[in-house]
Amino acid sequence: MEKKNNHNLGRILNNTLLRCVLIITSVLVILPITWVIYTSFKTSAEFLKNPWALPSTLNWQNYENAIEKANMGSYFLNSIGVTLGSLILLFILIVPVAYALSRFEFKLNKWIVMLFMAGLFISSNYIVVPIFMILKDLGGLNKLWVLCFVYAATTMPFNTYLLTGFMQGIPKEYEEAAQIDGCGYWGTLFKVIIPMSKPGFVTIGVFAFMAYWNEYIMALTVLKPDNYTLPVGLKNLMEVQKYATDWGAMFAGLVIVMVPTMIFYALVQKRLTSGLSIGGLKG
């Protein structure tokens, strides 16, 4: 009985400690976001007087200044186009590659896997200059569709490696059953492998979306001001005001950048955390 009581006491203490850590972590995440949101409604005078105080009124003019004067509306549309285009290209590229590497055995299989693993250690920030020189020679600068290809190509190693792991977890029996029913390789891919890899697609989609939406260095290098995406366009908020920085519009621009990622994550977070679950076969 004493051991049971000690075990229950230890479990209660562990649960309490875990909840305290989660509460503290949540507060550390929520407070900065809340501060940015309510600061986006303050005037510059209110911000300079007390950055932490609540705004006296909801100054929606800050959002109008950010969208119209700093051209954030156009940058927002550019970011949506580049992000969606990059995601589509990414999945077109990685799905057949991951399918081949995870479900087939051939001579160069291990070497190709090693090449993709080597690509995990190469950040796109390290190869900005070579990419810029190549695009300059090919006439691909300041084109949003070119940036989509750059994003998809530079994130392909990590996402291929991730999707390959999901596809490897699918039992061979499903594939064999599909082939008995008359499915070829492409039929098996679209009717069996892809539907059972949905958790992998959600995970990759979330990571890729956030990476593309918030990317700064590559977009700054490849694009010109008329085609900027949102992260690069934020600096335009400082430039249009010259020396008199409009702090309210600056924080409004930050909110415009943050809100789509927050909404997207809220919509897919259940699928993201659900994991890969595959049932058994009926004999």
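# Exercises on buried helices and contacts

Helix H8 holds the buried residues Met156, Pro157, Asn159, Thr160, Leu163, Thr164, Phe166 and Met167. Buried means under 20% relative accessible area, exposed over 50%, and partly exposed in between (1.4 Å probe, protein chains only). Helices (H or I, at least four residues) and strands (E, at least two) are DSSP runs, numbered from the N terminus.

This is a predicted model, in which local features need pLDDT of at least 70 and side-chain atom pairs count only at pLDDT 80 or more, while totals for chains, interfaces and linings use all residues. Residues are numbered from 1 along each chain as its sequence is written, and side-chain values use heavy atoms, with hydrogens and water left out.

## Exercise 1: helix H8

Compare the span of helix H8 with its expected span, and state what its buried residues pack against.

Step 1. The expected span of a helix is 1.5 Å times one less than its number of residues.
Step 2. Helix H8 covers residues 156–168, which is 13 residues, so it should span 18 Å.
Step 3. The end C-alpha atoms of H8 are 18 Å apart, which agrees.
Step 4. The buried residues of H8 pack against H4, H5 (109–119), H7 (144–154), H10 (185–196) and H11.

## Exercise 2: two residues of helix H11

Describe the surroundings of Thr203 and of Phe207.

Step 1. Thr203 sits in helix H11, residues 198–214, and Phe207 is in H11 as well.
Step 2. Thr203 is buried because its relative accessible area is 12%; Phe207, at 43%, is partly exposed.
Step 3. Leaving out residues up to four places away in sequence, Thr203 touches Leu162, Phe166 and Leu272. Contact means heavy atoms within 4.5 Å.
Step 4. A polar atom of the Thr203 side chain lies 2.9 Å from the backbone oxygen of Pro199.
Step 5. Phe207 joins Met117, Leu120, Phe121, Phe158 and Tyr161 in a nonpolar surface patch of about 630 Å². Patches are made of residues with over 30% relative accessible area and no salt bridge; like charges are joined within 9 Å, nonpolar side chains (Val, Leu, Ile, Met, Phe, Trp, Tyr) within 5 Å. Accessible areas come from the Shrake-Rupley method with a 1.4 Å probe, and for residues only the protein chains shown count as cover.

## Exercise 3: the salt bridge

Which residue forms a salt bridge with Glu175, and which helices hold the pair?

Step 1. A salt bridge is a side-chain nitrogen of Lys or Arg within 4 Å of a carboxyl oxygen of Asp or Glu.
Step 2. Searching the whole structure gives one salt bridge.
Step 3. The partner of Glu175 is Arg103, with the closest N and O atoms 3.0 Å apart.
Step 4. Glu175 is in helix H9 (residues 172–180) and Arg103 in helix H4 (residues 72–103), so the pair ties together parts that are 72 residues apart in sequence.
Step 5. Both Glu175 and Arg103 are buried.

## Exercise 4: Ala152 and Trp247

Find the contacts of Ala152 and Trp247, not counting residues up to four places away in sequence.

Step 1. Ala152 belongs to helix H7 and counts as buried at 1% relative accessibility.
Step 2. Ala152 is in contact with Ser86, Leu89, Leu90, Leu93 and Tyr212.
Step 3. Trp247 belongs to helix H14, residues 247–274, and is partly exposed at 29%.
Step 4. Trp247 touches Ser44, Phe47 and Leu48.
Step 5. Trp247 and Glu46 are 201 residues apart along the chain, and their C-alpha atoms are separated by 9.5 Å.

Conventions: A polar contact is a pair of N or O atoms within 3.5 Å; within protein, one must be able to donate a hydrogen and the other to accept it, and residues adjacent in sequence count only if both atoms are side-chain atoms.
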